[in-house]
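The following note sets out several points for a colleague who is reading this structure for the first time. Please consult the sequence and the structure alongside each numbered point.

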2 protein chains.
Amino acid sequence: MLRSELGEAEPVRRVELDQVAIPAPRPLPDAIVEAVNAASVLVAPEQRVRRAAGRSYPDLIRLRSGRVGGVPDAVVMPGTPEQVSALLEICSREKIAVVPFGGGTSVVGGVDPVAGPHERVIALDLRRMRTVEIDRISLTATLGPGLRGPEAEGAVRAQGLTIGHYPQSFEYATIGGFAATRSAGQASSGYGRFDEIVTSLAMVTPAGELRTRATPHTAAGPSLRELALGSEGVLGAITEVTVRVRPAPEARRYEAWMAPDFASGRELIRSLAQADALPDVTRLSDEAETRVSLGLAGTSGFKRALLGAYLGLRRRRGGCLVICGWEGERESVDRRRALSARLLRRGGGAALGEAPGRAWERSRFEGPYLRDELMDLGYLVETLETAHTWSRLERLYRAVGEALESALRAQGTPGIVICHLSHAYRDGASLYFTLIARSRRGEELAQWRAVKAAACEAIVAARGTITHHHAIGRDHAPYMPAEVGETGLEALRAIKRRLDPAGIMNPGKLLPE
Amino acid sequence: MLRSELGEAEPVRRVELDQVAIPAPRPLPDAIVEAVNAASVLVAPEQRVRRAAGRSYPDLIRLRSGRVGGVPDAVVMPGTPEQVSALLEICSREKIAVVPFGGGTSVVGGVDPVAGPHERVIALDLRRMRTVEIDRISLTATLGPGLRGPEAEGAVRAQGLTIGHYPQSFEYATIGGFAATRSAGQASSGYGRFDEIVTSLAMVTPAGELRTRATPHTAAGPSLRELALGSEGVLGAITEVTVRVRPAPEARRYEAWMAPDFASGRELIRSLAQADALPDVTRLSDEAETRVSLGLAGTSGFKRALLGAYLGLRRRRGGCLVICGWEGERESVDRRRALSARLLRRGGGAALGEAPGRAWERSRFEGPYLRDELMDLGYLVETLETAHTWSRLERLYRAVGEALESALRAQGTPGIVICHLSHAYRDGASLYFTLIARSRRGEELAQWRAVKAAACEAIVAARGTITHHHAIGRDHAPYMPAEVGETGLEALRAIKRRLDPAGIMNPGKLLPE
């Protein structure tokens with residue numbers, strides 16, 4: 001389907017890891033080894049290359065070409081908050097940039113090893129910090145920042161509990177990263193976004209430890225928890241996160257529905273959200289994404305299941321796919337499902353049954369792997385997301401879609417632009433765009449930059465947010481003045497100067513130069 | 001009952017408003033009048049006295065005695081954000097302290113006219129700013145900061161909507177004040193606390209306007225909305241607040257229940273919270289508060305209704321009162337009420353019926369008036385609140401209760417200390433204490449200071465939060481280092497220095513010297 005729509009692309013050979021040429025590491029003070037231990041300071045080329053990039057399209061282009069650009073001079077792996085503290089003190093004194101590193105799954109350049117005004121840069125890999133402490137009465141879990149999604153979820157599942165946080169990066173991303181980037185999982189309508197799940201946290205900054213009260217709420221001034229959440233490593237390294245947990249779901253029910261079109265589907269999701277009847281997972285594909293889902297679903301069985309149900313709706317042509325998922329106690333799932341289903345039907349939705357819903361659930365983490373395959377085949381694949389209120393969503397949808405399509409045409413690579421609505425709220429929702437086009441061989445980064453800039457400018461002009469859950473990193477930093485205004489930016493910079501006076505923490509991210 | 005338990009107190013005569021002696025206003029620059037207009041700069045003694053205090057116990061003692069202490073040199077009433085901006089510029093230049101003033105209902109000294117390092121102080125009364133703009137599609141309302149609770153609620157009710165925010169200060173407090181202090185209403189389990197209801201806001205600071213994106217959510221860095229919420233006027237004046245609204249409730253059902261005792265009642269509320277079955281209003285009185293409710297309910301009919309139901313439970317002695325309220329569509333109220341009731345019964349609760357529930361609802365704003373009456377009769381009446389996780393709530397409850405009782409005894413005025421649990425969450429709840437004792441005539445402030453300090457120290461030692469919804473103001477500022485730590489405090493001070501370089505905004509509040 002891609003070949004027929006986009007034209008034949010030329011497959012790409014990836015460079016093998018050991019063929020990547022990187023500069024020799026610049027020497028680091030002995031104090032760094034002394035603060036941890038020799039085994040926790042990695043300087044082998046493979047280790048450094050593995051922390052040289054996240055998973056943004058530019059990151060992958062750099063890695064695949066073997067021209068990785070910056071590489072950290074060392075990977076330092078502290079085991080305790082005290083070691084983090086000692087390391088930040090040394091690096092502040094010695095003017096060494098520090099890039100906190102978790103799962104390395106940032107899609108906005110959030111972990112790129114930028115030295116900024118400094119000469120040296122280390123990756124502060126927090127993977128060794130994986131403590132788990134569960135309060136079964138209060139239903140909270142205090143977690144080390146280095147736990148990956150499955151490790152954290154597995155630890156609480158062992159006690160019959162769940163965190164319920166399933167972003168597409170789940171398999172690799174870490175608890176610290178979820179907090180530092182305001183991650184939102186696919187089931188955020190049910191379990192809450194990660195920033196809503198976090199009840200307190202600790203962050204070690206060069207100026208000392210910031211620790212918020214472990215109480216369910218406080219009215220003691222501006223929220224310092226909400227200051228550390230989303231701070232993306234520019235203020236310090238998150239060393240502990242306490243999250244709310246729930247009983248693991250007794251029942252799960254995933255279904256697909258079909259809405260007549262995207263506009264009526266959007267009204268339908270709005271009616272669910274405003275009636276407190278949202279399924280725990282709710283996503284609505286636009287016409288183009290629905291069509292591509294049928295063509296691209298790959299090896300997951302999703303295609304077969306979906307196609308069967310889709311074609312079964314004999315009287316229907318076109319339409320937009322809705323995925324709904326309910327989790328929890330069996331009785332609650334049944335009750336809430338009945339409530340949602342009534343509104344879905346009233347809004348013109350037609351049930352496609354559980355098979356395509358279950359297939360979607362099984363394939364929920366596959367997107368990034370599919371992207372790798374498509375890049376191998378010579379295609380540009382990128383995703384970006386935004387959010388707005390219901391009354392402004394249609395305009396934002398059109399503006400971004402048109403900007404992407406026209407930017408791709410201007411590159412001589414007309415593409416497919418598809419979108420889904422997810423993370424619905426009473427007052428609005430996010431829009432998640434995926435674009436696929438032939439890549440311009442040798443000009444991949446310039447091509448990407450032009451297309452990304454067109455999308456970001458359209459978002460800013462429509463007064464949407466530059467990111468609903470991918471965060472800012474390097475790629476969105478130029479749009480922060482539009483997002484938060486000059487006064488907002490100055491407030492953030494003032495905190496940065498106070499907590500990180502030497503300016504060593506994650507240079508080039510979040511705050512524009 | 002009070003007389004028999006606490007001993008006879010000596011009634012107090014309040015000083016009449018025109019008998020209050022205040023200093024002549026210090027002259028203000030003409031530019032202030034030019035920035036607004038002559039009619040919006042009030043210097044009459046009555047106007048100045050009315051903004052000389054909030055509604056904390058020390059505030060009331062000062063007002064009633066006629067020794068008001070500080071008084072603003074003028075009350076300035078801007079009509080637009082531009083006028084606020086012009087005023088803050090003039091006051092920064094001329095070194096005039098500015099105390100943002102809404103409903104004046106702070107119970108923590110949040111609006112006391114403290115000049116701080118400056119010689120002059122004005123009350124920046126925002127009551128003229130009362131715009132209302134409703135987005136019926138997105139169900140949001142953009143509100144001026146000067147709207148009182150009933151005005152804001154009335155404006156959205158006219159369109160069939162509700163904000164659902166009912167703190168005890170509802171009748172006088174303003175939208176700007178709700179946001180600046182992280183207010184929590186009695187129905188916060190259903191409608192959300194005010195900080196959860198706010199989707200975006202604008203705040204004029206001496207360094208410029210801070211305006212957050214009007215989108216349902218953003219992952220663009222630390223939350224600047226959560227920085228302005230709770231900022232208590234020390235960074236700037238909130239000039240616009242957008243809140244989520246809902247359809248006005250079709251049905252309301254309020255009921256009283258009786259739990260066997262406070263410990264099992266707490267477990268009962270925890271089971272409701274952790275099963276997503278909390279009524280929209282949920283509060284559990286301890287044994288002492290239950291007993292006092294029967295004796296003190298006053299003129300509201302609450303007493304009669306409650307007593308009837310209470311005595312009807314023939315086999316029961318003692319017990320703890322639970323008030324539950326459900327609001328919304330009729331069907332939703334019935335469904336959720338049935339779910340809560342099942343868990344209430346399973347936890348040992350006994351239904352007292354709707355009459356005492358409805359009576360509680362009718363009397364929900366009466367507490368502060370009762371306090372005035374009791375102060376007239378010569379009693380000290382104070383309330384304070386905290387919060388903690390479920391696993392630590394019992395210890396906090398005992399520690400604060402004992403601290404209050406022993407501090408009152410140490411003053412020679414043994415008192416009644418009662419408590420209720422409200423604002424329940426999956427991970428914990430708040431505790432709200434009320435204390436009543438004979439006041440020490442002529443030593444009221446010293447008596448209050450000793451008792452308040454004992455409670456605050458007990459809270460800090462038990463690692464609860466110093467405030468769940470009364471905010472920090474002047475009274476809690478000394479406990480901010482314990483609450484947020486030195487690094488947290490430094491972060492807040494850094495923002496303050498950047499946004500209010502002349503240090504004019506609400507001196508002496510939130511941040512300790």
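1. B:Ser332 has 18 C-beta neighbours inside 10 Å and therefore counts as partly exposed. A buried residue would need 20 or more such neighbours, and an exposed one 12 or fewer. This residue belongs to helix 14 of chain B, which covers residues 330-346. In sequence, 82 residues separate B:Ser332 from B:Glu250, yet their C-alpha atoms are 9.7 Å apart in space. It should be kept in mind that the model is predicted.

2. The next point concerns chain A as a whole. Its secondary structure consists of 19 helices and 18 strands. The C-alpha trace extends over about 75 × 60 × 40 Å along its principal axes. For 513 residues, a compact globule would have a radius of gyration near 24 Å, and the 23 Å of chain A agrees with this.

3. Of the 513 residues in chain A, 59% are buried. Among contacts in chain A with a separation of 6 or more, 78% join residues that are 24 or more positions apart.

4. Two helices of chain A deserve attention as a pair. The axes of helix 4 (residues 57-65) and helix 18 (residues 444-461) of chain A come within 10 Å and cross at roughly 180°. Helix 4 and helix 18 of chain A are therefore roughly antiparallel to each other, since an angle over 145 degrees is classed in this way. Helix 4 of chain A contributes A:Tyr57, A:Pro58 and A:Ile61 to the contact, while helix 18 of chain A contributes A:Glu444, A:Leu445 and A:Trp448. By character, the residues of this contact are five nonpolar, no polar and one charged.

5. How are chain A and chain B related? A turn of 180° with a shift of 0.0 Å along the axis lays chain A on chain B with an RMSD of 0.0 Å. This is the relation of a two-fold axis. The same surface serves both copies, as 100% of the contact residues of chain A recur in chain B.

6. The final point is the interface itself. In it, 69 residues of chain A are in contact with 69 residues of chain B. Several elements of chain A each supply at least two residues to the side that touches chain B, including strand 8 (198-205), strand 16 (379-389), helix 17 (390-410) and strand 18 (428-438). The largest share of that side, 15 residues, comes from helix 19 of chain A. The residues on the side of chain A that touches chain B comprise 27 nonpolar, 27 polar and 15 charged.

Key: Residues are numbered from 1 along each chain as its sequence is written. Chains are lettered from A and ligands numbered from 1 in the order in which they are written. This is a predicted model: local features need pLDDT of at least 70, side-chain atom pairs count only at pLDDT 80 or more; totals for chains, interfaces and linings use all residues. Helices (H or I, at least four residues) and strands (E, at least two) are DSSP runs, numbered from the N terminus. The radius of gyration is taken over C-alpha atoms; the globule rule is 2.2 Å times the number of residues to the power 0.38. Two residues are in contact if their C-beta atoms, placed from the backbone, lie within 7 Å. Copies are superposed by least squares on the C-alpha atoms of residues with pLDDT of at least 70 in both. Axes are lines fitted to C-alpha atoms, for helices over the stretch in contact, and angles run from 0 to 180 degrees between N-to-C directions. Angles under 35 degrees count as roughly parallel, over 145 as roughly antiparallel, 65 to 115 as roughly perpendicular and the rest as oblique. Ala, Val, Leu, Ile, Met, Phe, Trp, Tyr, Cys and Pro count as nonpolar, Asp, Glu, Lys and Arg as charged, and the others, Gly among them, as polar.
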